[in-house]
Amino acid sequence: MADCLSHLTLSPSQKTMASLTGAASSRLLPAASRARIHLSSPSSASSSRSPLSLSSSSSYSISPLKCLRSSPFVPHFFLNQKRSSMSTVAAASDPVQLKSAREDIKELLKSKFCHPILVRLGWHDAGTYNKNIEEWPKRGGADGSIRFEVELKHGANAGLVNALNLLQPIKDKYSGVTYADLFQLASATAIEEAGGPKIPMKYGRVDVSAPEDCPEEGRLPSAGPPKPADHLREVFYRMGLNDQEIVALSGAHTLGRSRPDRSGWGKPETKYTKSGPGAPGGQSWTAEWLKFDNSYFTDIKERRDEDLLVLPTDAVIFEDSSFKVYAEKYAADQEAFFKDYAEAHAKLSNLGAKFDPPQGIVLDGVAGEKFVAAN
């Protein structure tokens with residue numbers, strides 16, 4: 001989904017989604033059998049990653065995780081949550097608390113450079129949606145299920161425990177905000193704070209209540225499938241997205257970088273990443289990899305700099321005849337890209353969501369996206 005359709009650390013074979021790490025933004029691309037792009041954090045070195053994500057290291061530090069005895073993947077936020085928050089379905093979020101939480105997220109972004117991993121978290125929670133399944137929450141989507149260990153351990157979600165740890169203090173502070181809303185709020189805010197467009201979001205997503213509500217593994221995209229165009233369509237069409245939205249969401253790769261020791265993709269470091277911010281190293285898609293603009297499209301089209309990363313799922317947007325129409329458009333017109341990206345991101349953030357109230361909650365007086373999620 002940009003690799004939503006989110007970005008990004010990539011991983012080989014059985015490592016599903018690429019990861020958006022702390023310092024950059026993210027992209028929603030595919031995560032399949034060979035490599036995956038994902039938005040991950042500095043400590044996500046294992047498992048696969050999905051192209052729906054962006055990854056880069058950031059300067060934020062994660063305190064040692066207090067893990068459940070049953071698994072090393074379970075973050076301390078699981079232990080800090082009140083049992084009621086994990087065992088009951090949350091109702092609509094409180095608008096006042098949503099606005100306050102957004103301000104706290106902005107401060108977090110300024111101090112931790114965690115734009116990529118927050119984008120990745122939101123995309124990976126929403127990107128499991130299957131339009132062919134009507135029943136909630138079996139259909140997957142933006143329902144907060146990624147907070148549970150069973151889903152957090154999916155290969156494509158490697159490292160996202162760090163994003164959960166970053167956001168848990170905000171969740172603790174604002175108990176009137178659901179996890180599903182918090183994840184999408186953080187993702188949209190990260191894009192906006194990196195210089196991207198205002199995302200026409202709505203809130204009021206209901207949280208799933210138990211690990212049994214999590215989707216099965218394998219619904220997220222990969223970065224290096226044998227037939228990139230076919231793979232992208234297979235994954236994103238299942239979500240109800242089209243070619244224009246696939247390309248627009250891919251543009252989120254303007255943020256982030258990939259680390260070969262985590263994903264199997266990219267160089268150990270380049271002239272653009274050797275000094276950070278955050279932990280140095282990795283290979284970015286763009287020279288200014290913490291700035292959201294249309295340079296992803298111009299750089300892929302020109303391919304003049306070997307220090308910039310181009311994955312198979314990136315290259316195909318200028319090779320496939322249908323994708324190319326939109327890629328050329330966005331390379332030439334940043335305003336058009338921002339408009340289409342904002343709509344695609346908002347649509348992605350609603351996939352599979354159950355809203356309470358049904359019409360959702362608007363924070364800034366903007367009606368929001370055209371897409372209306374099922375109740």
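**Two cis prolines**

Start in the loop between α4 (115–126) and α5 (149–152), where proline 137 is found (helices here are DSSP runs of H or I with at least four residues, numbered from the N terminus). The bond that links proline 137 to tryptophan 136 is a cis peptide, with omega about 5°. There's another such pair further along: aspartate 356 and proline 357 are also joined by a cis peptide bond, and omega is about 5° here too. Proline 357 sits in the segment after α14 (334–350).

This is a predicted model, with local features needing pLDDT of at least 70 and side-chain atom pairs pLDDT 80 or more, while totals for chains, interfaces and linings use all residues. Residues count from 1 along each chain as its sequence is written, and side-chain values use heavy atoms, leaving out hydrogens and water.

**Positive phi values**

Most residues other than glycine have a negative phi, and most peptide bonds are trans. Against that background, have a look at phenylalanine 113: not a glycine, yet its phi is positive at about 50°. You'll find phenylalanine 113 in the loop between α3 (95–112) and α4. Its relative accessible area is 29%, so phenylalanine 113 counts as partly exposed (buried is under 20%, exposed over 50%, partly exposed in between, with a 1.4 Å probe and protein chains only).

Arginine 303 is another non-glycine with a positive phi, about 45°. Arginine 303 belongs to the loop between α11 (295–302) and α12, and is partly exposed because its relative accessibility is 48%.

**The main core**

The largest nonpolar core is built from 76 residues (a core being buried Ala, Val, Leu, Ile, Met, Phe, Trp, Tyr and Cys joined through side-chain atoms within 4.5 Å). Those with the most contacts inside this core are Ile105, Leu118, Leu167, Phe292, Phe297, Ile317 and Tyr341. Helix α7 (residues 179–193) is the top contributor to this core, giving eight residues. Domain 1 (95–213) and domain 2 (228–344) both supply residues, so the core lies between them (the bounds come from an automatic or database domain assignment).

There's also a second, separate core of five residues, and tryptophan 136 from the cis pair turns up in it. Phe148, Val206 and Cys214 are included in this second core as well.

**Leu118 and Leu167**

Zooming in on the main core, leucine 167 comes from helix α6 (residues 160–173) and, at 1% relative accessibility, is buried. Leucine 167 and leucine 118 are 49 residues apart along the chain, with their C-alpha atoms separated by 8.8 Å.

Setting aside neighbours within four places in sequence, leucine 118 is in contact (heavy atoms within 4.5 Å) with residues including Ile105, Leu108, Leu109, Ala163, Leu167 and Phe183. With those neighbours again set aside, leucine 167 is in contact with Ile105, Leu108, Leu118, Leu121, Leu182, Phe183 and Ala186.

**Helix α8**

How many of the eleven residues of helix α8 (residues 228–238) are buried? Eight are, so α8 is largely enclosed by the rest of the structure. The buried set is Pro228, Ala229, His231, Leu232, Arg233, Val235, Phe236 and Arg238.

As for partners, the buried residues of α8 pack against α9 (243–250), α12 (312–315) and α13 (321–332). After α8 comes glycine 240, with a positive phi near 90°.
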